[in-house]
Amino acid sequence: QRTVRELRSPASHEQLVLMYQPKLRLSTGRVDGVEALVRWRHPTRGLLVPADFVPLLEEAGALRAWTSSILNVALDDAARWRQRGTPVGVAVNITAEWLQDARAVHEVLPALGLRSLPPSTLTLEITEQSLVADPEAAWRRIEPLRAAGVRISLDDFGTGYNSLSALHDFPVDEVKIDRSFVETVGGDARARALVKSTIALAEELGSETVAEGVETEEQRRLLAEMGCTYAQGFLISEPVPAERIDDLLASPG
Ligand code: G
Ligand code: G
Ligand code: MN
Ligand code: NA
């Protein structure tokens, strides 16, 4: 229908907006990474969130082109932050469909090189859910990027049916503990045990950890005690426009 047609048009890429949600390093209290979260500034319907259009992007076969635009915008912002003397890592969410496209994946390293960004500036967030269809094919695409220094993050960890296999099969740099576990970490002994063991397991495997959806000081304290690397969530900041990240990085402490 109309929306699908709109999403196929190159003009829609200029209506793409990235919001960034900071990742706070718990050991230092500093922000040294942000996650890019896409919005679509629709000409008549206002600012749309991914749930409103990402499935349509897939249906329209336009997700690959959009993801390339998202990567380029995120890397432009990362290059600007670096040039200002406040380097920060950027994370971009990718899908299994994008990974299937060899051409798209081959654009990543040149896009970093063009902006003189070290590959470790970029983190690709992939859900364990999107790896299950064909894990080997997915990893064949990811591996050269990771070998070059691009960071790989396992998103929504713990919500799939193969979480432990995913950790076993994919040597990732970062594990993002799903918000549903973080939500109850303060009150629920079972959630606490799960989060604590996930952090320990990830560390044992050489991966950093991010707790998603941190909303309270108590959650932040517990996660820091458990040795979680990063906290992300409304307690630290909601997703904000790039200029707000500029301000945040400029402010001391
Ligand atoms: O803020 P929020 O509504 O952006 O995010 C909702 C979901 O949409 C998240 O699970 C997130 O992973 C996904 N999402 C956000 N931005 C992107 C993007 O640029 N690409 C893809 N594929 N998914 C995204
Ligand atoms: O799964 P993805 O990380 O990729 O999801 C990001 C989504 O989670 C966005 O919709 C974002 O707005 C939302 N989000 C981020 N932090 C919090 C939080 O602390 N609490 C809640 N309820 N949602 C959050
Ligand atoms: Mn994510
Ligand atoms: Na997530």
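**A tour from strand 6 to ligand 2**

Begin by selecting strand 6, helix 9 (residues 163-169) and strand 7, which together form a right-handed β-α-β unit. The model is a predicted one.

Next, restrict the selection to strand 6 (residues 151-157) and strand 7: the two run parallel and are joined by three bridges. Within this pair, display Leu154, which lies opposite Val175 of strand 7.

Keep strand 7 (residues 174-177) on screen and show its side chains. Glu174 and Lys176 point to one side, Val175 and Ile177 to the other; all four are buried, and both faces of the strand are thus covered.

Now add strand 8 (residues 208-211). Strand 7 pairs with strand 8 in the parallel sense, over four bridges. Select Lys176 here: the bridge partner of Lys176 in strand 8 is Val210.

Move then to ligand 2 and select its surroundings: Gln21, Leu37, Asn93, Asp155, Asp156, Glu212, Gly213, Val214, Glu215, Gly233, Phe234 and Pro239. Coloured by class, this shell shows four nonpolar, four polar and four charged residues.

Finally, return to the whole protein. Its secondary structure consists of 13 helices and ten strands. The C-alpha atoms occupy a box of roughly 50 × 45 × 35 Å along the principal axes. The radius of gyration is 18 Å, which agrees with a compact globule, because a globule of 253 residues would have a value near 18 Å. Colouring by burial marks 36% of the 253 residues as buried. Of the contacts with a separation of 6 or more, 65% are between residues 24 or more positions apart.

How values were computed:
Residues numbered from 1 in each chain as written. Chains lettered and ligands numbered in written order. Predicted model: local features only at pLDDT ≥ 70, side-chain atom pairs only at ≥ 80, totals over all residues. Buried ≥ 20, exposed ≤ 12 C-beta atoms within 10 Å, placed from the backbone. Pairing = 2+ DSSP bridges. Right-handed = clockwise from strand over helix to strand, strands pointing away. Near = placed C-beta within 6 Å. Nonpolar A, V, L, I, M, F, W, Y, C, P; charged D, E, K, R; others polar. Rg over C-alpha atoms; globule rule 2.2 N^0.38 Å. Contact = placed C-beta atoms within 7 Å.
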